[in-house]
Amino acid sequence: MSGGITRILRMSVDRLDPSVLCDAATILRSGGLVAFPTETVYGLGANALDRAAVQRIFAVKGRPAINPIIVHVNCESMLNDVVADWPQSARDLASRFWPGPLTLVLPKGKNVPDIVTAGGSTVGVRMPNHPVALALIREAGTPLAAPSANRSSQLSPTRAEHVLAGLDGRIDLILDAGPTANGIESTVLDLTRDPPVLLRPGPISIADLEAVVGSIARRDSKSIIQPLPSPGLLARHYAPRTPVDLFTNRLELLERAHALQELVRSVGIVYFGVGAPSVTNAIEMPKDAASYAKELYAVLHKLDAQELDRILVELPPDDAEWFAIRDRLTRAGAR
Ligand code: TXA
Ligand code: MG
């Protein structure tokens, strides 16, 4: 729909407007694109069983054809059309974490067009924990293929205005239900391998997963192996346009900031926690991981919009609680 008009409709999560849902579902059933909120980030949805509609997602995002798209369902029986196998491990994980920020990679069902899975034999599926997303899938009556609603390799959107900034005029509709709750993308777990492999860390931690399915394999988040098990793991991903430098030490960060300012370069600073020297464009991030994740992309979007020369980030601690956040920061800092 490039060159078209993007409508924005507000949705209250307390009172889902049936007429707005009907409009959105009608667009989806006729092959259009609708951005909608999930608990993680905003998704760019198309009917997952409609090859041409999914092709449109790739076109408007500028997404490489090698990158498969997650399919979203609102109940497990909808998976009959999507996956060829639903093993006990998937049942157990779904009953514990769905609806929620966990994507399971399973053998692809025959009704799913190859374009959704980038030609691969597996498909990523999840049931999002957001009343608007669930109601939209139900109303559309079809599973929705939905990547994050941003241009390829840019920051994921956690608010409708982020979606608009990246995709205005290129998609049909944005359902705006305010900021998302988790703020970073779902955990992706490949169940086609034994033991299961964590492809992308996210809000559901490794410990949470292991408590249900036993030990899982982790990838070294910095390595890129061929063939790509999950192109979202490409080093540079989830990145603002402004170059990002990462620091484990606040003193080093401040020295770098001063050096840049002496060269008349504009810098944005993302501090970990409070008590930092307050300079222009400095933002103090929360000390608890859930609040940090919820704010992260909005902060990066905001600094990125200021067209600074550089964004300096003080990293949170290198421990399990911060694993997914450090993963996203590391990608934002990769060049
Ligand atoms: O939280 C989320 O997962 C959001 C919301 C909208 O659901 N979606 C999202 O989609 O982050 P996207 O396309 O930005 O990232 C999906 C990731 C990519 O890294 C992709 O490569 C991987 O999941 N993925 C999808 N299907 C896969 C498959 N069959 N095998 C391996 N990786 C897959
Ligand atoms: Mg994405």
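**Exercise 1. In which strand is leucine 199 found, and is leucine 199 buried or exposed?**

Keep in mind that we're working with a predicted model here.

Step 1: look along the chain for residues 197-200. That stretch is strand β10, and leucine 199 sits in it.

Step 2: check the accessibility. Leucine 199 comes out at 4% relative accessibility. Buried means under 20%, so leucine 199 counts as buried.

Step 3: try a distance. Proline 143 is 56 residues away from leucine 199 along the chain, and their C-alpha atoms are separated by 22 Å.

**Exercise 2. Work out the strand order of the open sheet and say which strands stand at its edges.**

Step 1: write down the order. The eleven strands run β1-β8-β2-β3-β7-β4-β6-β5-β9-β10-β11, and the pairing is mixed.

Step 2: pick out the ends. β1 (7-10) and β11 (217-218) each have a single partner strand, so one side of each has no neighbour in the sheet.

Step 3: zoom in on one pair. β2 (residues 34-36) and β8 (residues 173-176) pair in the parallel sense, over two bridges. Here valine 34 stands opposite leucine 173 of β8.

Step 4: add a helix. α3 (residues 88-97) packs on the sheet and touches β5 (102-107) and β9 (187-190). The direction of α3 makes about 160° with that of β5.

**Exercise 3. Take the salt bridge between arginine 126 and glutamate 39 and find out which parts of the chain the pair ties together.**

Step 1: start with the idea. Side chains of opposite charge can pair when their charged atoms come close.

Step 2: get the distance. In the bridge from arginine 126 to glutamate 39, the closest N and O atoms are 2.9 Å apart.

Step 3: place both residues. Arginine 126 belongs to strand β6 (residues 122-126), while glutamate 39 is in the loop between β2 and β3 (43-47), so the pair ties together parts 87 residues apart in sequence.

Step 4: check burial. Arginine 126 is buried at 2% relative accessible area, and glutamate 39 is buried at 4%.

**Exercise 4. Say whether each partner in the bridge between arginine 241 and aspartate 304 is buried or exposed.**

Step 1: find the pair. The closest N and O atoms of arginine 241 and aspartate 304 are 3.7 Å apart. Arginine 241 lies in the loop between β11 and β12 (244-247), and aspartate 304 lies in helix α8 (residues 289-305).

Step 2: compare accessibilities. Arginine 241, at 60%, counts as exposed, whereas aspartate 304, at 8%, counts as buried.

Notes
Residues numbered from 1 in each chain as written. Chains lettered and ligands numbered in written order. Predicted model: local features only at pLDDT ≥ 70, side-chain atom pairs only at ≥ 80, totals over all residues. Heavy atoms only, no water. Pairing = 2+ DSSP bridges. Helix = DSSP H or I, 4+ residues; strand = E, 2+ residues; numbered from the N terminus. Contact = heavy atoms within 4.5 Å. Axes fitted to C-alpha atoms, helices over the stretch in contact; angles between N-to-C directions. Buried < 20%, exposed > 50% of the residue type's maximum accessible area, 1.4 Å probe, protein only. Salt bridge = Lys/Arg side-chain N within 4 Å of Asp/Glu carboxyl O.
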